[in-house]
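Thanks for coming, everyone. Could you pull up the structure on your screens, so we can walk through it together?

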Amino acid sequence: MIGMSESTTADRYRSFGRLEAQGNSPAYAARCEEIAEDAAFLAMLDGLPEPKRQPNLLFGAVRFLGGPVDERLRTWATTHWDEVSAVMLARSTQTNEPNRCASLLPLLARLPQPLALVEVGTSAGLCLFPDKYRYEYSGHPPFGPPSPVVLACRTEGPLPERMPQVAWRAGIDLNPIDITDPEQTRWLEALVWPEQHERLARLRAALAMARAEPRPLIVRGDLNEHLEELVARAPTGATTVVFHSAVLWYLTPEDRERFARTVRRLPVRWISNETEPGRVGGCTLSLDGEPVARTGSHGQFLDWL
Ligand SMILES: C[S@@+](CC[C@H](N)C(=O)[O-])C[C@H]1O[C@@H](n2cnc3c(N)ncnc32)[C@H](O)[C@@H]1O
């Protein structure tokens, strides 16, 4: 995992299996235990640069190439190691989870409308369409426009009374996913864990929906390098909102600081939905730097503070 330095590759697989995969992906949890005990397989992984040895990247590469996630995985990956390692070297782990819009929506809806959205770390740009999804907040009637994509979230407390009006959508990503390129979206799909059928169906539906919409303005590059210029392009008369989810942990502490300094001095509102170092079990949702809620890492719950 980025930003996490563990003593050995075996430790890394063991802790990923026990802390992250356990309970979420029985297949990945079991494969991690097997790999952690397999010296020959670990030696192959150790032939890759350190950031490229991560479990999610290996498993995503095997599945991208059509390999199995059951007990045959190690044998299959060993036989196909040239292809597997080439995919691992060429690609990075990346998600795009539209369900995170269920965390963002209540804050977006309470800002002065219309909105000019700027998402840093936008991936395929699926969180730039919060106004195009239908929402099922627990215990409340479905909310939002009719949509092929329904987002579900457990919550109590204030919910939006109106949908945000979005006047403009823009994003920045080091590696934006082109949703019209089947190879790129197949990679995004290969990174959804094998048992998460609902997430995969949601991702596919959101990609299909986004393909039918006008393409947001998406800039390739580092968020710190491009934020100011993109904010300057936002239309006047709209509230510019810079937002991000599950992105800042990719950055060094210095780059995170630099980003926070920049966003604070720009004429924007700022919504952050990020994990906090040392805190497990979800993200903290903040508005203009003030924490307002805890959220599920995939938007599955929203607990107001
Ligand atoms: C885990 S994904 C989350 C994507 C999306 N925000 C979501 O919630 O579904 C993180 C994204 O941040 C991007 N990213 C990481 N570091 C970045 C940087 N320094 N500048 C721009 N994008 C970055 C990655 O390429 C990736 O697409």
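I'll start with the ligand, then go to the cavity, and then visit a handful of single residues.

Quick housekeeping. This is a predicted model, where local features need pLDDT of at least 70 and side-chain atom pairs count only at pLDDT 80 or more, while totals for chains, interfaces and linings use all residues. Residues are numbered from 1 along each chain as its sequence is written, and side-chain values use heavy atoms, with hydrogens and water left out.

Okay, the ligand. Which residues come nearest to it? Out of 18 residues around the ligand, those are Q94, E97, R100, D173 and S245. When I say a residue is near, I mean that one of its heavy atoms lies within 4 Å of the molecule. Sorted by class, that shell has 6 nonpolar, 7 polar and 5 charged residues. For the classes, Ala, Val, Leu, Ile, Met, Phe, Trp, Tyr, Cys and Pro are nonpolar, Asp, Glu, Lys and Arg are charged, and the others, Gly among them, are polar.

Now the close atom pairs. A polar backbone atom of E97 is 2.8 Å from an oxygen atom of the ligand. R100 uses its side chain: an N or O atom there is 2.7 Å from a ligand oxygen. And a nitrogen atom of the ligand is 2.8 Å from a polar backbone atom of G121. On its own the ligand has 600 Å² of accessible area, and the protein covers 96% of that. Those areas come from the Shrake-Rupley method with a 1.4 Å probe; for residues, only the protein chains shown count as cover.

Next, the cavity. How many cavities of 30 Å³ or more does the structure hold? Just 1. By cavity I mean a set of points, on a 1 Å grid over the protein atoms alone, where a 1.4 Å probe fits but cannot get out; lining residues have an atom within 4 Å of a point. The volume is about 70 Å³, and a volume here is the space filled by probe spheres set on the points, which are joined across faces, edges and corners. Its lining is T95, N96, E97, P98, L188, L191, V192, R199 and L203. That's 5 nonpolar, 2 polar and 2 charged residues. You'll recognise E97, which is also among the residues that come nearest to the ligand.

Now some single residues, and a word on terms before that. Helices (H or I, at least four residues) and strands (E, at least two) are DSSP runs, numbered from the N terminus. Buried means under 20% relative accessible area, exposed means over 50%, and partly exposed is in between, with a 1.4 Å probe and protein chains only.

Take R169, in strand β4, residues 166–173. Is R169 buried or exposed? It counts as buried, because its relative accessibility is 15%. Its side chain makes a polar contact with the side chain of D131, at 2.8 Å. A polar contact is a pair of N or O atoms within 3.5 Å; within protein, one must be able to donate a hydrogen and the other to accept it, and residues adjacent in sequence count only if both atoms are side-chain atoms.

Then helix α9, where A206 sits. A206 has 0% relative accessibility, so it counts as buried. A206 and N99 are 107 residues apart in sequence, yet 9.7 Å apart in space, C-alpha to C-alpha. For contrast, look at A90 in helix α6, residues 81–90: at 66% relative accessibility, A90 counts as exposed.

Last, the backbone oddities. Q113 and P114 are joined by a cis peptide bond, with omega about -5°. You'll find P114 in the loop between α7 (101–110) and β1 (115–120).

Two residues have a positive phi without being glycine. S123, in the loop between β1 and β2 (134–137), has a phi of about 60°. S123 counts as buried because its relative accessibility is 3%. The other is A246, with phi near 55°, in the loop between β6 (239–245) and α11 (253–265). A246 is at 22% relative accessibility, so it counts as partly exposed.

That's my tour. Over to you for questions.

Note on methods:
1 Å grid on protein atoms, 1.4 Å probe; cavity = no way out; pocket = protein on both sides within 12 Å on 5 of 7 lines; lining within 4 Å.
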